[in-house]
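Visitor: Could you take me through the inside of this one, starting with its largest cavity? I'd like to know which residues line that cavity, and then what sits around it.

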Amino acid sequence: MSDTPFGFGLPPEEPDDGDEGKKKDQESGGGQGPANPFGFGGLPGAGGFGGGPGGPGADNPFAAMFGSLNPNDLGAAFQQLGQMLSYEGGPVNWDMAKQIARQTVSQGSPDGTKDTSVGPAESKAVEEAVRLADLWLDDATSLPSGAASAVAWSRAEWVEATLPAWKELVDPVAERVGTAMGDVLPEEMQAMAGPLIGMMRSMGGAMFGTQIGQAVGVLAGEVVGSSDIGLPLGPAGKAALLPVNIETFGKDLSVPQEEVRLYLALREAAHQRLFAHVPWLRSHLFGAVDGYARGIKVDTAKLEDVVGQFDPQNPEQMQEALQQGMFQPEDTPEQKAALARLETALALVEGWVDAVVHAAAKPRLSSADALRETLRRRRASGGPAEQTFATLIGLELRPRRLRDASRLWASLTDARGVDGRDALWHHPDMLPTATDLDDPDGFVHREQIDFSELDKMLGEAADKPDLRKKDQAEDKAEDEGDGKGDDAG
């Protein structure tokens, strides 16, 4: 959680000495510079009235929402502001998040590439790559194909398709923070300030929506598929690749574009198999996020102190309080446990994909080792958008122990074969733990309970209800016969 959870600032006051005052204010760090606790100016891709980041418009708190404005746009700007203040939905204004994300995508990525519509040739290339990848994976895993279709997305299409998953991820955290803020006011003050609280919740939804939209928009310029970060962000059963980002990814690798596309298709198809045929996995990952949200503890004592002493004539007081981490969640045992579960689960997912894809690609692609290492480093470091999510909601969306998990899955393959390795996904209690990642050999060679015979017996019993009734009838007849014999005696 960042010190500035909502990303929205107070409008800077107009200096008394005109342009000279503005210059001094900028030099002293005033306005929306790094010291601003709400941080619109520092968001990725945030433009200003007069230009790009750092330009004359960077100090304007509405810049990220409205972009570069001219007088003819003011009507639309105020209409959008009215919509923001009248928002009555959940903790995040997702309509605004979607709008900001698409605006960020339209500005292009930091490397200068622009989003483009996907043509027929690119769509066909992606479909063929996913189809071939699925054939190769048949030898590397016992899990069948999970991709009912393969699609090529533009960055804007990726935003549209993944927003529902982001909503499920972010809403629990935003809801908890918003509730904590509302609970701080005494009951009598809440009754008196009802309209104000409602307006602040609308503003809070817009502020969260703006930051999430910025982060999703930037991430759209980095990802190459629908499951880059180890979470199933796209629709189930739909393998998706982003041709424009794949081209950028492979530009400086000295690897043929076809091999880059095929390797990334292998990763996408492997993720699809895992999430399609391990039905509990998605809820396990998203449940860890919800568990984290339930563990959030806002520093209410500091918040109460600020509310009680707040001076409307001194808005800088609130800014200073926010800078000191008033909304910084406490490091609770609940959060630690939830984050540990999430990090371990992400590592196991990404480690399994890494091991399976390497087994499928190594005999067939000369560039397999180079591409594997490049992607490992990319996942370990994380991009600016992933860092934004980490500071915004406190979640690290990258596996810290990818290499450890990959080695463990590879050792399991050697020791138990493909079927034995993949059988561990049958139930979450069968998976390696964080401790097992510290001692992979101990886990690999630990005697495992074989449930296959028990499952077979239970399955046979369930499939033969008539036989079970017959046995019960015979047992009953024997009991009755014994009873008659006793009477006769």
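Guide: R267, E350, D354, R372, L375, R376, R379 and L402 line the largest cavity. A cavity here is a set of points, on a 1 Å grid over the protein atoms alone, where a 1.4 Å probe fits but cannot get out, and a lining residue has an atom within 4 Å of a point. By class, the lining divides into two nonpolar residues, no polar ones and six charged ones. For that split, Ala, Val, Leu, Ile, Met, Phe, Trp, Tyr, Cys and Pro are nonpolar, Asp, Glu, Lys and Arg are charged, and the others, Gly among them, are polar.

Before going on, the ground rules: this is a predicted model, where local features need pLDDT of at least 70 and side-chain atom pairs count only at pLDDT 80 or more, while totals for chains, interfaces and linings use all residues. Residues are numbered from 1 along each chain as its sequence is written, and side-chain values use heavy atoms, with hydrogens and water left out.

Back to the cavity. Its space comes to about 50 Å³, a volume being the space filled by probe spheres set on the points, with grid points joined across faces, edges and corners. A search of the whole structure turns up one cavity of 30 Å³ or more. Helix 15 (368-381) and helix 14 each put at least two residues into the lining, and helix 15 gives the most, with four. Helices and strands are DSSP runs numbered from the N terminus (H or I for helices, at least four residues; E for strands, at least two).

Helix 14 also takes us to the nonpolar core. The largest such core has 87 residues, and those with the most contacts inside it are W158, W166, L281, L285, W352, W409 and W425. Helix 14 (residues 333-361) supplies the largest share of this core, 13 residues. A nonpolar core means a set of buried Ala, Val, Leu, Ile, Met, Phe, Trp, Tyr and Cys residues joined through side-chain atoms within 4.5 Å. Buried is under 20% relative accessible area, exposed is over 50%, and partly exposed is in between (1.4 Å probe, protein chains only). Take L281: leaving out residues up to four places away in sequence, it touches L274, F275, V349 and W425, where contact means heavy atoms within 4.5 Å.

Now for helix 10 (residues 257-277), which holds Q272. Q272 counts as buried because its relative accessibility is 9%. Not counting residues up to four places away in sequence, Q272 touches G146, A147, S226, G237, K238 and A239.

In the loop between helix 9 and helix 10 you'll find S254. With a relative accessible area of 76%, S254 is exposed. Its phi is near 60°, a positive value in a residue other than glycine. Most residues other than glycine have a negative phi.

Helix 9 (residues 243-250) itself is largely enclosed by the rest of the structure, because six of its eight residues are buried. Those are P243, V244, N245, I246, F249 and G250. N245 is also one of the contacts of G221, along with S109 and R155, leaving aside neighbours within four places in sequence. G221 belongs to the loop between helix 8 (194-220) and strand 2 (238-241). G221 and T104 are 117 residues apart in sequence, yet 9.2 Å apart in space, C-alpha to C-alpha.

Another such pair is M96 and G209: 113 residues apart in sequence and 5.7 Å apart in space, C-alpha to C-alpha. M96 lies in helix 4 (residues 94-107) and is buried, at 5% relative accessibility.

Helix 18 (residues 434-438) has T435 in it, and D436 as well. T435 is exposed at 57% relative accessible area, whereas D436 is buried at 8%. Beyond residues up to four places away in sequence, D436 touches L408, L431, F443 and R446.

Zooming out, the protein chain has 21 helices and two strands, and buried residues make up 45% of its 489 residues. Among its contacts between residues at least 6 apart in sequence, 78% join residues at least 24 apart. The chain exposes about 24100 Å², with carbon and sulfur atoms supplying 52% of it; accessible areas come from the Shrake-Rupley method with a 1.4 Å probe, and for residues only the protein chains shown count as cover.

Technical notes
On a 1 Å grid over the protein atoms alone, a cavity is a set of points where a 1.4 Å probe fits but cannot get out, and a pocket is an open set with protein on both sides within 12 Å along at least five of seven lines; lining residues have an atom within 4 Å of a point.
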